[in-house]
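Colleague: I have this structure open and I'm new to it. Could you walk me through how to read its main features?

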Amino acid sequence: MTAERVPDPGVAPGAVDLGAEIAFSDVRELRGPLLVVGDVTGVGWDEFATVDVDGGVSRHGLVLEVDDDLAVLQVLEGTAGLVPGGVWVRFAGRPLQVRVSTDWYGRVCNGRGEPLDGGPPVGGSPRPVAGWPLNPTRREPPREAVLTGVSVLDTLTTLVRGQKLPIFSVPGLPHLTLATQIAARATTAGEGFRVVFAGMGLTHADIAYVRDRLEERSAAGELVLLLNAADDPVIERVLTPRIALTVAEHLAFEHGDDVLVVMSDMTSYAEAVREVAAARREIPARRGYPGYLYSDLASLYERCGRVRGRPGSVTVVPVLTMPSGDITHPVPDLTGYITEGQIVLSPEVDARGVYPPVDVLSSLSRLMRSGAGPGRTREDHLPVAAQVLAALARARQAAELGELVGVAALSQTDRAYLTFRETVERDLFAQGGDEGRPMGDSLDRAWRALDVLPRRELTMLPAAMVAEHLGGVS
Amino acid sequence: MELTGGRVRRVNGPLVEVENLGDVAMSEVVRLGPERIAAEVVGLAGARATLQAYEYTGGLRPGDRAEATGDRLAGLFGPGLLGQAFDGLLRPLSGAPVWLTPHREVDAAARAWHFEPAVALGDQVEPGDLLGTVPQTGPVEHRLVAPVRGPVTWLADGSLGATDPAVRVGDIPVPLAHRWPIRVPRRFRERLSDVVPLHTGQRVLDLLYPIARGTAAAVPGGFGTGKTLLLQQIAKWSEADVVVYVGCGERGNEMAEVLDELAQVPDERTGGRLVDRTVIIANTSNMPMMAREASIHSGIAVAEYFRDMGYDAVVIADSTSRWAEALREFANRTGDLPAEEGYPATLASQLAAFYERAGRVVTLGGRTASTTVIGAVSPPGGDMTEPVTTATQRFIRSLWLLDRELAYARHYPAVTWAGSFARDADAVGLWHAARGDPGWRARRATATALLAEADRLASLAEVIGTASLPAHERVVLLAGQLLRDAVLQQNALVANDASCSVAKGAALLTTVLDVVETCQRLVARGVAATTVEEADLADLVRVREEVGPDDADGVLRRREEVLARLEALT
């Protein structure tokens, strides 16, 4: 069972680049997504491989371990139906690559980058999908706001060009509506704003919804869609965000586009990583997830940013659903440690009928202070945001107290805070799923809400600013 | 470099097994494959050596060549460290390409330096003695100290490269820069036990949970609690001579931000820029994992290098949890039996080895200097009982616990008074007393007692309502609020408030405590608690931002105004 040559099956590999010569067929073990092939020579770690199947469509794999003449492969399409003896493995001699070019504009592909839109495979120059770490000293600190047109985000958790800001949600909440609203409406001051949407484990209904919501961007050639459906091979999801980010990096840093990468749902992605780890019998860290999940997620999220002296940016918005709403679950927890803030959606706010149901006190954009304020958004932006948040924190305390002692027993000040919360949710936070609001409008709405509080409570705002926006003492 | 017949046999991510390396030692560096990537021996069994690789091992194959180098993992220590950024293996990042591929040559000799001898030919020197200085290295004078005892037999003239000999002591050439194994602590004469506080410029630390020079502190906090911002503030404003900022498995944008900001902020003490006293070690989360493990040791080795020149150095490591994760990741790959949560059983001893490199010492050359270590801890899920957090607490003197509730209420720095500690607080109090502030300890005690009492009453008030509390307890609630808003919160974005001098901090705390005392007198005199609660104290809360970072008088003037207004209440 030594190496033998097989004819190239001629399957269009799509974005996946092949260049293999020798096929190995000594399959020693098949377990979960893993395939162990023996008698191999000259195979390096992390190489890409093509698995030719007797009478079937070729599959693809990545080398997870080499030990002398054994190579352990994770098969992206899974091992279902494979028979030892009916499988030939060809190694590419290099890591997995994807072809990048501006031909990606407007394309719709599956999770491995193969066209779903009937078009030809995307051409261009090949790049390794894992990318290389960006030298931190060559990064340009993010500075300019990405305006999403969503009031609650723009005012309180401003997204900044080159930032990574995830949406934490729970199943059943309209996170996909919010993510597509951002993807459809977001703009920056510059030219060439593009969106790369990587869907992982989405249902067909969700996929149809996403395509519908982003129709306009797609028609304008401003969208790249990579879709791994819920019934597509699970391990393929390990690849989807990497292809998306490799395409985005090219468009941003070589072509000068501002690229927004939306990745949904990262929980499905992490489950695929866990599945591979479990098949390899690795020692789990928390909740069965492997100890390297942090580094693995970081290798995706960290690919956002800007490069000194080059136009273009990669902004990453991962979307993830927290199993049973638990923010301490490893996926949201590790994501939160890597990303620059988080947007948390809450069932309680949703139940009050507010869309988008953002729990603003748990949400945060760490880069907001460098992307908002004088010369960037508006002079009063940061103090107003701080004041709204402080007031909401106080309103929450008052509401908790009110539940115990009755609202009537609250002090006048506490009752003013409750009124403030109602006003701000109704007039500032709530908004239509297709509505885009200019920044100035959002901030003015925030001022009008703050007006219901006694002046002495506005300690976060400079006195002159209060006088300018709210006039004399009320 | 001796070439042996070593061959790669197994590759599993950063774990590489090699055969036939010959006489290789534990911790020796081995070069692997055509790219000659660095790896360190972590296990030996017969002819097989287990290595941890410091680079991406993609493409490495069984049969590839492995060469033992005879060297331990070492960095180059010399002029040119300050103001620059390095990766976890101490290779320069400033000047490196945009995308970091494994193969990067380090050209140490690229720059020429001047050397000004402080000794003359024939002088007898002892280890640690000053041999000379290197001018034009910025506000921190770069000193070359003698590594050995002997007579000065030769001195360099004019400009020289970093690795050229600058001095000969006996037969030994002493270059400006030398290689030093990063895991090996540098020697010193003796440890000092007296307590000298390190002023951080952050009020909650300086007033409540001070840190002494040469000790260690840990900052545990879940994500979004402002850990990194607090550490960056300490890097900017603490009274250290040299700051080593280790970004260990953290964000790339953050490192860019740190570099950018430090380059802009002037250092009032030296007249230079803050970046000129800072060494950045950046091994971001997407850079090779095992270099992350080395980065912590690189950082402390750099600090010890400056300590031996006689400086007070501070190492800020963000985050030690990512370092521990690298340990865990590798231990799992080698198949070590896990202890808690998959971490290796050596976790506690490895943490101890790191934190114990902190110290205030007399150097071999007789200078008093220190290495202070501040480590961030990122507990998964904010779980303070997880192994890294609990093990760390045993090896540190100050704990600055960050609280998610405070952070959500935008109370920054979110250091909580419930759970933080400073084991040297009393000694720091004596130090302040010896320097003319005998009230420091009493103020700290009053403030912590008020905060604790306010928390207790707040939870009581949640059940029975504030109105049901007696007046003096309502004033305590107000006191807690004022301490938080007017003293402990600090706005990093406002120049006046970003840092705070000892005097201004003392003035703010005194003012608030006096206001509280006055309020207590008012309610005792029969003024309604509601009247006191609704008194407009916004100007007291704003004063920290309105007067300069060292303007204690400005604070005290405001104190007079506020007290006068309160006294007028009926």
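Modeller: Sure, let's go through the interface, a cavity and a few backbone details. This is a predicted model, where local features need pLDDT of at least 70, side-chain atom pairs count only at pLDDT 80 or more, and totals for chains, interfaces and linings use all residues. Residues are numbered from 1 along each chain as its sequence is written, chains are lettered from A and ligands numbered from 1 in the order in which they are written, and side-chain values use heavy atoms, with hydrogens and water left out.

Colleague: How many residues does each chain bring to the contact?

Modeller: Contact means heavy atoms within 4.5 Å. Here chain B brings 82 residues and chain A brings 78.

Colleague: And what area is buried between chain B and chain A?

Modeller: Buried area is the accessible area (1.4 Å probe) that two parts lose on being put together, summed over both. For this pair it is about 6600 Å², with 53% given by carbon and sulfur atoms. On the chain B side, Trp99(B), Phe223(B) and Asn253(B) lose the most area to chain A, together 13% of what that side buries.

Colleague: How many salt bridges cross the interface of chain B and chain A?

Modeller: A salt bridge is a side-chain nitrogen of Lys or Arg within 4 Å of a carboxyl oxygen of Asp or Glu. The structure has 81 over all chains, and 9 salt bridges are found across the interface of chain B and chain A. One of them pairs Glu257(B) with Arg143(A) at 3.6 Å, N to O. Glu257(B) sits in helix H3 of chain B and Arg143(A) in the loop between strands E10 (125-128) and E11 (145-146) of chain A, so this pair joins two chains. Helices (H or I, at least four residues) and strands (E, at least two) are DSSP runs, numbered from the N terminus. Another salt bridge links Arg9(B) and Asp68(A), at 2.8 Å, N to O.

Colleague: Which element gives the largest share of the side of chain B that touches chain A?

Modeller: Among the elements giving two or more residues there are strand E1 (6-12), helix H3 (252-264) and helix H10 (440-464) of chain B. The largest share, 8 residues, comes from H3(B).

Colleague: How do I read the cavities?

Modeller: Rolling a probe the size of a water molecule over the atoms shows where empty space is left. On a 1 Å grid over the protein atoms alone, a cavity is a set of points where a 1.4 Å probe fits but cannot get out, and lining residues have an atom within 4 Å of a point. Grid points are joined across faces, edges and corners, and a volume is the space filled by probe spheres set on the points. The count is 8 cavities of 30 Å³ or more, and the second largest has a volume of about 140 Å³. That second largest cavity is lined by 15 residues, with Ala285(A), Arg286(A), Leu334(A), Arg328(B) and Pro380(B) nearest its centre. H8(A) gives the largest share of its lining, 3 residues.

Colleague: Which peptide bonds are cis?

Modeller: One joins Tyr355(A) and Pro356(A), with omega about -5°. Pro356(A) is in the loop between helix H9 (347-351) and strand E19 (364-365) of chain A. Another runs from Asp318(B) to Ser319(B), with omega near 10°.

How values were computed: On a 1 Å grid over the protein atoms alone, a cavity is a set of points where a 1.4 Å probe fits but cannot get out, and a pocket is an open set with protein on both sides within 12 Å along at least five of seven lines; lining residues have an atom within 4 Å of a point.
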